[in-house]
Each structure stands twice: as structure tokens, then as C-alpha cells.
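User: I would like to learn how to read a protein structure. Could you take me through some features step by step?

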Amino acid sequence: MKKREGFVGSDVFVAGNGLMDRRLLLGGGVAAGIAAGAAGLALGQSPDWMKTPGRGFSGYGMPSKWQEKVQRPFSPAPGRPGTGSSRTPLHLLEGTITPNGLHFERHHNGIPDIDPARHELAIHGMVKRPLAFSMENLMRYPMETHIRFIECPGNSGGYASVQPAQTTAGGINGLLSCSEWTGVRLSTLLDEAGVQPGAKWVVAEGADAAAMSRSVPLEKCLDDAVIALYQNGEAIRPEQGYPMRLLLPGFEGNMCVKWLRRLKVTDAPVDARDETSHYTELMPGGKARQYMFLQAVKSAIVKPSFGMAMRGPGLYEISGLAWTGAGKVSKVEITADGGRTWAPAALGEPVLSKALTRFRLAWKWDGRPSVLASRATDETGETQPTRAAWVAQYATGQFYHFNGIQSWAVAADGTVSNVYL
Amino acid sequence: MYICRILLLCLALNVSAAAQNLGRALAPDEIAKLDLTISPDGTGLPPGSGSVAAGAEVYSKKCQGCHGADGAGKPQDRLTGGIGTLASDKPIKTAVSFWPRATTVFDYIRRAMPLQAPQSLKDDDVYAVTAYLLSIDGVVPKDAVLDAKSLPKVKMPNRDGFVNYWKPKK
């Protein structure tokens, strides 16, 4: 282990405007420089809650009442209360796992209340044996557990607008969540049904009031696709597809069909509404990219971010999330001088495939206006493009699959705003 | 002999451990009721037919409140117009200008519309509303009648407008 004494004088600064060596995380002696902003508490006398018995047990625990502001933001469309989305408040959370009640939602016609005893998963089409699986029977198959992110392909679409959206990191990037999912490997069920030669696609359909449907490459279904039944250890939530959803690690969230009821094996995609009207990108010249399934490498700083106030010059921890549908994040770099110089951030271990990775870096802010940004690279060597390069690929107004570099401006008074590099 | 028995037992155990085989066989008539998918070649289209005139009636009663007169939109999505704008500075993506397949229009209406009562329209009405919507911009003539044979043959304005970005490994 490298001795702390190794970091002396200017050695600790590895990039411009106060970015520090990633091995020097805040803590111990390094935190000594943090400005004491808040007034001290009058400790010493026992508080009320030590002088009376606390409350009793509950069947299902809820967060502290002091955390009631930690909510998914959403704005229901008039006349369509169940259509649209709510977002994970990424800026109010830590670590990488999204609490089940805060997983983002995207519904096309509300959340169905499905009786598991009346729900089956059908597999038919180009198979030797069309089959239906009851919940009771599915539960008897071998299960596997993986930590995976799910991201809506419309996430961060605000970055396509001409002016940067002044909203929180969760408000911009919160169509993104990460859970430990447990379920049955889809290839096991497809093997049982016996996929016929010539089959190339699987059309998945939900049992919601939109019968939401997507075409999925058979290759993905035979790879790491899972029929997810559990989310962070408990039965999958109604908003996430109870009693089951399709989980396609690294692919568009929209393809991870919730309330899954039917898989039809076909030789071609069906051009469903959500793979033509939506989630396709119009390019200059009028042609549109279709079947952009992989959620590309991406990152966002969530601390500091819009809505937070820096309390004067001193040491701060920059922290954020990085992810890629292609596998593992290999590197996250941070700039504090608007992109002139970059320093590698520390990645939270273990770095998992197709899961969120938390990154951190110590920053000594001198109190001057600064522009922060993060840039992730994944194990395939893909790096986030600049916002300008991303926007230049497409026609006016396109916003799906944004993965450009994001940046925050810190003003001298400590306020943080969204800015384009 | 004894060894043979053990071998057989091992084989049997292996087979049962490798596959649960708990799927219930689906009968053809069950599949017919379950299967909402309409493929671009028309596979899955139900019997029945609908005319532009009949579709205009259904549209005014069931669709216009959300999608406006002639599919012009408001309060909800615009469905018509925008043909020829996709290469311009202000592309207008509507069901008629952007969607590549008429089968998608039929499929989506049948499975998801109207929003307050999905799957409530008769198949004849779905054919009719599809015909009406496509007639507004002249994609089909005003006297068109769509059915399982004619619908897949409708050439949408943006039929060749999509570039496949998916690259299979094999």
C-alpha cells in the first residue's frame, strides 16, 4: 500500500483546478480541510428519543420520515395519469442499488394489478412445442441472480435541447435504475420449447393495457436474458412488471417488457410501434436509425449537481455513476477546468458488467467558477462523445439514446447549474 | 450388470436435472386467441374489412377527442401530415409520415387504442380506422377498403426510411 506521505505538496493534484489523485479519497486526514459550514449542535444532553421507548414493529418497513423528500419526480399528462414516466432521484441516493420504491417507471397505459394465479407466460411461434408456464411452475426452475441497470432509451434526452435544462441530476438522468434481479434464464425455457431452424427474433408482449410489444433478437434471448421474478430480494414490484418482466441486460429498458405474458419466436422483427415511432433516431437527410438496442457507455456526476450548494472553498468529493450496456466500465475521467485536463476517478469495486459503477474523486475547490464533467470508457474501448458530436449525428429534435459528456458549472457563490461544454 | 444399472441411473438423473419440462402444451386455438402480433407480411391479420367512410365514423366517435380532427393531434399525438418533412430542418414524425408499415398502424390500434378501452374495437372497425387515417394524406384512396390481403400491400411514405443498426454476432 502506498504511504500517505507519498502525497505531499502539489503531488496530490493530478489535473487542473484542484482535482486530486484518485487514491486520495476523502476521509481521515484528507477531510480536515473541509470547511465547517453548519453550526455545531449542542451535544451533551440526551435527546428526547433516548428518554422514552421507541415505536414498535411493522410488517413492512418504510424510510425515515426525515427522508420524505426522497421521491420519484413525475408530471402526469392531463387525462392520461398512467402514461409517461417517473424518475429515480439519483442525486439523493448513494451507492449503486436503487431502492425498489424509487426504481424509475415508464408506463404506456397504467400499472396492471395482475393476479399471479391467473397469469401465464406463453412461448409460441417458430418452436417445436408451444408452451405456457404458470408462476407456480416457473418458480421450480433453477434461478440466477445478477446486478443489472435498466435505462430507458429516452433517458437524458434533455441534453438534445438547445439550452441546457436546469434540473437535477435525477431529473435529467433518472430514467435509470440498478437492481439485483433474480429469475429464470430465458434460454432454458426456449430450449424446452425447441426453437426451430430459421428463427431469428422473439416478439415480447406485456399484459398491460397497451399490450406493449417489442421485437428482440433471438441471439440476445439465448444469451443473458432472464425472466425476472425478484427485484432486490423481493417479488418484482407492480411498477416493474409483477409478476414477471423480461430482463435484457444492457439493452433498451423499453425492450425489458414488463408484465410479460407472451414470447412469439419469429424469423423477422414486426416493426412494433415502440421500435418505429419511438426509439429510432432520424439522421440529417431523412433516414432513421432503427434497432439501436445497446445502451452505450455513459456517465453523470450526481454530486455536486444542480440544486446543491457548495459551501465555500475547500475539499469536496465529486461522485457519480457510470454504466455501459456493452459490459464493464473500464475508466471514468473527470475534469474541473471545462475539459482542458482530465484525472482518472476511483471506481467502486467490484465493477460489474451491465451494472452501475460508482466513481469518486477528491477535489479541492478554490472558490472560483469551475466546470465539472465526467467521461466514461468501457471495456470495448468505447468512450462517451462530446455533446456536440452526439447532436451532430442526428436531425433536429432527436433525443433518444443520448450518451454525450455531461457537465455542471459551479459558480463562485457555490450554486451549480447545467451547462454545455 | 450392477455397473450398468448405476450408469443407467446416472443417465436418468442427468436428464431429469437438465430440464424441468414444466411447460404446459399450448393448443392451437389457445394460441389463436392469445396472439395479437401482426407481422409486416400480414401474418396475424384477422378476417374482416373496413372502408375509409366507415373509419371516419369510428374515428369521430372514438379517436377524435384525443387526436383531433383529421388526425391533426391535440391534446394527444398528431397522426397525420408531415409527409416530405423528414429530411428538412423541421422534421414532423407522424404515424403516416414516419411509420414504415401499415400493419403497425393496425397492430397498435388493435392492441392499445382507444386509451380508455383498449381492445374494445371490432376488427372491422380497426381496418376502417386504419383506412381512414391513411386516406387523409392520400396514402390510400378515399374509396379504399382494407382487409388482410390489401393492408400489407399499402406502401407507406417512409417505407424505406429506416437503417438497421443491429449487427448480430453471427
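Analyst: Happy to help; we will look at a helix, a sheet and some cysteines in this predicted model.

User: Let's start with the helix. How many residues of helix H3 of chain A are buried?

Analyst: First, the general idea: an α-helix has 3.6 residues a turn, so residues three or four places apart point the same way. In helix H3 (residues 186-193) of chain A, six of the eight residues are buried, so this helix is largely enclosed by the rest of the structure. Among the buried ones are A:Leu186, A:Leu189, A:Leu190 and A:Ala193. Just after H3(A) comes A:Gly194, with a positive phi of about 80°.

User: Now the sheet. In what order do the six strands lie?

Analyst: Generally, strands of a sheet pair through backbone hydrogen bonds, either parallel or antiparallel. Here the open sheet runs E10(A)-E9(A)-E14(A)-E5(A)-E6(A)-E1(B), with mixed pairing. At its edges are E10 (213-217) of chain A and E1 (24-25) of chain B, each pairing on one side only. Inside the sheet, E5 (residues 120-125) and E14 (residues 260-266) of chain A run parallel and are joined by four bridges. One pairing to find is A:Ile123 with A:Leu263 in E14(A).

User: And how many disulfides are there over all chains?

Analyst: The test is whether two cysteine sulfur atoms lie within 2.5 Å. By that rule, the count is zero over all chains. For A:Cys178, the nearest cysteine sulfur belongs to A:Cys256, 12 Å away.

User: Why does B:Cys63 have no bond to B:Cys66?

Analyst: Their sulfurs are 8.8 Å apart, which is too far for a bond. B:Cys63 is buried, with a relative accessible area of 14%, and A:Cys178 is buried too, at 0%.

Definitions and conventions:
Residues numbered from 1 in each chain as written. Chains lettered and ligands numbered in written order. Predicted model: local features only at pLDDT ≥ 70, side-chain atom pairs only at ≥ 80, totals over all residues. Heavy atoms only, no water. Buried < 20%, exposed > 50% of the residue type's maximum accessible area, 1.4 Å probe, protein only. Helix = DSSP H or I, 4+ residues; strand = E, 2+ residues; numbered from the N terminus. Pairing = 2+ DSSP bridges.
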